[in-house]
Amino acid sequence: MDLKDDAVKGIVPWDGTLSSFDFSLSAHTFSDKWKRFNPSFPAWKWITCPKQHHLVASHKVEGYLSLENMCHIKSSQEQESDRSLTWKEESNISQREEPFDKATLVCPEHEVNHYDFHIVYSASYRVPVLYFRSYRSDGQLLPFNEIEKDLPGHSAKLRSESKWTFITHEEHPYLNRPWYKLHPCGTSDWMKLLFHSDSSLNKNGFVIEQYLISWFSVIGQVVGLKIPLEMLDTVVSNDS
């Protein structure tokens, strides 16, 4: 039995959490499908990190997924409902034939805020956590009251009605700098409900492989990042 088989063994009953190794498996599935079905966006990259605990088992994998240099472009005509459609990769708002410094990418008719997103494994909660930060083109970090203006209109309602989606400001576990994060305190509960409500997910190892995809389909809405419906398919042809 290989490590993957061992990871999915005994899934039922399942408490909605992942091991760090399961997180790595699910992260690579998420990254691969994002690249396949969302080619207009930059890829999520796996960032390998030094082990924080030197006495752990040798097969433990540490790292996180990173999506950086996303630009939220907001014009004066932008509508609340369109905010999730205005994310662009930084390179898409510059003229490729000319070199640009990052501090000179602001178009006069638009206000551009830059965003970095990281999906990090929480060893204490045993679930993924979305970390993010925002900054202007001159590098100045944005406070949360400015970030809120970029969030989709339904985000505030979602955060106010759900105990599972509130945002805190805490130190990034690998970068040792303060980032915003969606607190993971209720993640295992709603992930357990999500997978148990769909029996097609709870088989053949899909709980592990699809975990981040299903998780991000909910969490991504809070920051206006949507995933293609094709990513939610539990069976994808090896030839596709």
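**Asking why: strands, a helix and two rings**

Me: What makes strands β6 and β7 a pair?

Reply: Strand β6 (residues 167–171) runs antiparallel to β7 and shares 5 bridges with that strand. Two strands pair if DSSP finds at least two bridges between them, so this one passes. (Strands are DSSP runs of E, at least two residues; helices are runs of H or I, at least four; both are numbered from the N terminus.) By the way, this is a predicted model: local features need pLDDT of at least 70, side-chain atom pairs need 80 or more, and totals for chains, interfaces and linings use all residues. Residues are numbered from 1 along each chain as its sequence is written, and side-chain values use heavy atoms, leaving out hydrogens and water.

Me: How do you know that β5 and β7 pair?

Reply: There are 2 antiparallel bridges between β5 (residues 127–136) and β7, so they meet the cut-off of at least two. Y131 has K181 in β7 as its bridge partner.

Me: Why is Y115 called buried?

Reply: Its relative accessibility is 2%. Buried means under 20% (exposed is over 50%, partly exposed in between, with a 1.4 Å probe and protein chains only), so Y115 qualifies. F117, at 1%, is buried too.

Me: What makes Y115 and F117 a stacked aromatic pair?

Reply: Their ring centres are 6.0 Å apart, with 10° between the planes. Rings of Phe, Tyr and Trp (its six-membered ring) pair within 6.5 Å; planes under 30 degrees apart are stacked, over 60 edge-to-face, the rest tilted. So both tests are met.
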